[in-house]
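Grab a pencil and work through these exercises with the structure open beside you. Each task comes with a solution that goes step by step.

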Amino acid sequence: MSDQEVSGSPAAAAPLPPFAYSAADEEKRQGVRRMKAMATGLLLLVAVIYVLATWAERSGVGGWPPYVAAAAEAGMVGALADWFAVTALFKRPMGLPIPHTAIIPTKKDQLGTTLGSFVGENFLSGDVVRTRLRAIGIGARVGSWLSEPAHADRVTEELSTALRGALTVLRDSDVQAVVGEAITRRADAAEIAPGIGRALEGVVADGAHDRAVDLICTRAYAWLVHHADAVMEAIEGGAPGWTPRFVDRKVGDRVYKELLRFISEMRDEPDHPARGAIDRFLTDFATDLQSDEDTRARVERLKSEILGRGEVQDVIASAWASVRTMIISAAEDEQSELRLRVRASLLSLGRRLATDQRLQEKLDGWLEGAAVYVVTTYRTEITSLISDTVAGWDAEHTSKKIEAHIGRDLQFIRINGTVVGALAGLLIYTVSHAVGG
């Protein structure tokens, strides 16, 4: 494999962080040193007792010296054996290359692999995860917690903060481009004429367009009344030049009055023939929008022309700015409709979860399925994280750190070995002496 391939690998690109040996670890190590001194002092004490008891026995002192010497001798053996066992965990005793010593530095990687396999087999199995989650009863707990108003307020606040943060991170230009492209692409892909035709057909069938016709007639009548002079001038201006002026005025006045009458009748009479003509026109137009290829093609061309205009694209793109401002404002206002609705929904969900067993079981099932999927799909990656992390630790620092955390208990093993060895030696000597005597 080339150097470039190696340097481009994930491990090379993102090395594991070092296994730091902190000041707190050093403080614990000082306590370990004190316990070592105590255990070593006890070893020296029993050694001195052994020497004195042996000297007393050889000097002719009767009675107790053999018992004390046997106890002290066994205590030394126990202390030395446990010293060797404890020391062999972290380094080679007295620097000697004795097999199966310095276990942690030399077996660090193997221990990491074993630990990863142990975690994978006993903690990351589907049955274990499912059983544990089912015993917890997450659905009921979440429901009880969420049904409290104070907790619902907290969740609402956190959701609002997350929403504001997400909207702040997003760049307006990027979102506007995406929104504009999505709307334009969707509008181009969908033919709108049939949908418009069906909607128009429904409007005509329900008579909903009559209100629009009423409004148009009312506004037209008011406009004619307000602009009577302008209408008269327009009618007279269109008359031939050879007709007398009074005739033009008579004709204009007649046309104006007929126009007012027509508009007023159309406004006031639901069965006016003009309204029927409008109904027939709209019905035919709705049918053409759905079935006439030429009409549909014209609508599509008009749609494309409208979407292609820069003004329309600017409106589509600027819609995001308005929506963003509205959402941020609603998220910041504790009394906004958005936050009130979210809070009410959370309280309702919490009450349902707290009392509805079927909903609890459904939520628990979703969570169990998701958790089982994660641990079974990514179990290798999770366990390799443990083994790879341990493999990346420095052997010396690892030994020092582990010794700093468990060294005091290990020194108690030395002390216990000394005491238990002395008692065992005393018992063995006593029994042997009694049996031999």
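**Exercise 1: a patch on the surface**

Which residues form a nonpolar patch on the surface together with Leu-115, and what is their accessible area together?

*Solution.* Before starting, keep in mind that this is a predicted model. The partners of Leu-115 in the nonpolar patch are Phe-118 and Phe-123. Together the three have about 310 Å² of accessible area. Next, find Phe-123 along the chain: it sits in the loop between helix H6 (108-122) and H7.

**Exercise 2: the overall build**

Work out how many helices and strands the protein has, and what share of its residues is buried.

*Solution.* Start with the helices: there are 21 of them, alongside zero strands. Then turn to burial. The protein has 437 residues, and 28% of them are buried. For the outside, the accessible surface comes to about 28300 Å², with 62% of that belonging to carbon and sulfur atoms. Finally, look at the contacts between residues at least 6 apart in sequence: 71% of these join residues at least 24 apart.

**Exercise 3: the largest nonpolar core**

Find the largest nonpolar core and say which helix gives the most to it.

*Solution.* Step one is the membership. The largest nonpolar core has 11 residues, among them Val-213, Cys-217, Leu-224, Tyr-256, Leu-260 and Ile-263. Step two is to see where the residues come from: helix H12 (209-226), helix H13 (228-237) and helix H14 (245-268) each supply at least two. Step three settles the task, since H14 gives the most to this core, with four residues.

Now zoom in on one member. Leaving aside residues up to four places away in sequence, Cys-217 touches Ile-263, Met-266 and Arg-267. There is also a second, separate core of seven residues, including Ala-193, Leu-200, Ala-286 and Val-299.

**Exercise 4: a salt bridge across the sequence**

Explain why the pair of Arg-130 and Glu-368 ties together parts that are 238 residues apart in sequence.

*Solution.* First, the link itself: the side chains of Arg-130 and Glu-368 meet in a salt bridge, at 3.6 Å from N to O. Second, the addresses: Arg-130 lies in helix H7 (residues 126-136) and Glu-368 in helix H19 (residues 357-377), so the pair joins parts of the chain 238 residues apart. Third, the surroundings: Arg-130 is partly exposed, at 30% relative accessible area, whereas Glu-368 counts as buried at 7%. To finish, add Arg-134, which is linked with Arg-130 and Glu-368 in a network of salt bridges. Across the protein, the count comes to 11 salt bridges.

**Exercise 5: salt bridges within a helix**

Take the salt bridges Glu-258 with Arg-261 and Glu-293 with Arg-296. How far apart are the closest N and O atoms in each, and are the residues buried or exposed, or in between?

*Solution.* Begin with Glu-258 and Arg-261, whose closest N and O atoms are 2.6 Å apart. These two are three residues apart in helix H14, so about one helical turn separates them. Glu-258 is partly exposed at 27% relative accessible area, and Arg-261 is partly exposed at 39%.

Move on to Glu-293 and Arg-296, where the closest N and O atoms are 3.9 Å apart. Both lie in helix H16 (residues 293-308), three residues apart, about one turn of the helix. Here Glu-293 is exposed, with a relative accessible area of 57%, but Arg-296 is buried at 17%.

**Exercise 6: ring against ring**

Find the aromatic pairs in the structure and decide which is stacked and which is edge-to-face.

*Solution.* A search of the whole structure finds two aromatic pairs. In one, the rings of Tyr-67 and Tyr-429 have their centres 5.1 Å apart and their planes at 85°, so this pair is edge-to-face. Tyr-67 lies in helix H4 (residues 65-90) and Tyr-429 in helix H21 (residues 395-436), so the pair ties together parts 362 residues apart in sequence. Tyr-67 is partly exposed at 26% relative accessible area, and Tyr-429 is partly exposed at 27%.

The other pair is Phe-281 with Phe-285: 6.1 Å centre to centre and 5° between the planes, which is stacked. Both lie in helix H15 (residues 273-291), four residues apart, about one turn of the helix. Phe-281 is exposed at 54% relative accessible area, while Phe-285 is partly exposed at 32%.

Methods:
Residues numbered from 1 in each chain as written. Predicted model: local features only at pLDDT ≥ 70, side-chain atom pairs only at ≥ 80, totals over all residues. Heavy atoms only, no water. Core = buried A, V, L, I, M, F, W, Y, C linked by side-chain atoms within 4.5 Å. Buried < 20%, exposed > 50% of the residue type's maximum accessible area, 1.4 Å probe, protein only. Contact = heavy atoms within 4.5 Å. Salt bridge = Lys/Arg side-chain N within 4 Å of Asp/Glu carboxyl O. Areas by Shrake-Rupley, 256 points an atom, 1.4 Å probe, with all protein chains shown as cover. Patch = residues over 30% accessible without salt bridge, like charges linked within 9 Å, V, L, I, M, F, W, Y side chains within 5 Å. Phe/Tyr/Trp six-rings, centres within 6.5 Å; stacked < 30°, edge-to-face > 60°.
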